Amino acid sequence: MICLCEELSLSYCGLDGKIAILEDKHTVLKNFGLNDGSWLNLWNIDCRLLTMFNQSLDAHYDWFIVVYDYEKFCSDREIKEAIIWHEIGHITYPAGKNIICTDTEVQCDRVAIDYGQKEGIKKILDLTLKMARSLNNEVLLNRTKERQKQLHFI
């Protein structure tokens, strides 16, 4: 079930448009290749990292940030704000479908940092490293370390 959780206006950062934050467990799981939320605990995946950013076809919104669990998403303000600003960065630095480009992700991280979310981005990258190790995913591990390196966190 899709739940509209929050609306954001982009006028305060010099952009036109509105973003809605939606909670949709099924879509997020499907997008990340998971059949059941139980895998999140088994593989030590922090569900706040499983976000999607999409252009909207709804006349009321320009973009959607889709999260797995809105309550958990809001549990750490630094992480929440860093994710929002990172996703807003994708307006300027779009990501291709099923393509992960480290340079694009770093540019979006920098947008978040420019809006005061350096500590949140550090936390996100630490959580991503933890997840990469738990999943034994060398590609994710190396790309995350590269993001940290480019942002001078390591």
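At 38% relative accessibility, N44 counts as partly exposed, a class that lies between buried (under 20% relative accessible area) and exposed (over 50%), computed with a 1.4 Å probe on protein chains only. You will find N44 in the loop between α2 (38-42) and β3 (52-55); helices here are DSSP runs of H or I with at least four residues, strands are E runs of at least two, and both are numbered from the N terminus. Although N44 is not a glycine, its phi is positive, about 60°.

A word on the ground rules: this is a predicted model, in which local features need pLDDT of at least 70 and side-chain atom pairs count only at pLDDT 80 or more, while totals for chains, interfaces and linings use all residues. Residues are numbered from 1 along each chain as its sequence is written, and side-chain values use heavy atoms, with hydrogens and water left out.

N44 has a counterpart to look at in the segment after α7, where H152 is found. The phi of H152 is near 65°, again a positive value in a residue other than glycine. At 68% relative accessibility, H152 counts as exposed.

Let us turn next to strand β2 (residues 18-23), which holds I21. With 0% relative accessibility, I21 counts as buried. Setting aside neighbours within four places in sequence, I21 is in contact (heavy atoms within 4.5 Å) with C3, L4, C5, E6, L8, I65, V67, Y70, F73 and I84. One of these partners, I84, is itself among the buried residues of α4. For a sense of scale, I21 and T144 are 123 residues apart in sequence and 25 Å apart in space, C-alpha to C-alpha. Helix α1 (residues 25-31) contains T27, which is partly exposed with a relative accessible area of 31%. The C-alpha atoms of T27 and R143 are separated by 25 Å, and these two residues are 116 apart along the chain.

Helix α4 (residues 77-92) deserves a slower look. Its 16 residues should span 22 Å at 1.5 Å a residue, and its end C-alpha atoms are 24 Å apart, which agrees; the expected span is 1.5 Å times one less than the number of residues. Twelve of the 16 residues of α4 are buried, so this helix is largely enclosed by the rest of the structure. The buried residues are I79, K80, E81, A82, I83, I84, W85, H86, E87, I88, G89 and H90. R77, also in α4, is exposed, with 61% relative accessibility. From R77 to T104 the C-alpha distance is 24 Å, across 27 residues of sequence.

T104 belongs to the buried set of α5, together with T102, E105, V106, C108, D109, V111 and A112. Helix α5 (residues 102-114) has 13 residues and reaches 18 Å from its first C-alpha to its last, close to the 18 Å expected at 1.5 Å a residue. Its buried residues pack against α4, α6 and α7. T102 makes a good example: it is buried, with a relative accessible area of 16%, and it touches R143, E146, R147 and Q150, not counting residues up to four places away in sequence. Following α5 comes G116, whose phi is positive, near 85°.

How do the helices meet? The axes of α5 and α6 come within 7 Å and cross at roughly 140°; axes are lines fitted to C-alpha atoms, for helices over the stretch in contact, and angles run from 0 to 180 degrees between N-to-C directions. D109, A112 and I113 of α5 make this contact with K118, I121 and L125 of α6. By class, these residues divide into four nonpolar, no polar and two charged.

L125 of α6 also takes part in the contact with α7. The axes of α6 (residues 118-135) and α7 (residues 138-150) come within 9 Å and cross at roughly 160°. That makes α6 roughly antiparallel to α7, the term for angles over 145 degrees. Besides L125, the contact involves D126, T128, L129, M131, A132 and R133 of α6, facing L140, L141, T144, K145, R147 and Q148 of α7. It has six nonpolar, three polar and four charged residues, where Ala, Val, Leu, Ile, Met, Phe, Trp, Tyr, Cys and Pro count as nonpolar, Asp, Glu, Lys and Arg as charged, and the others, Gly among them, as polar.

Note on methods
Parallel < 35°, antiparallel > 145°, perpendicular 65-115°, else oblique.
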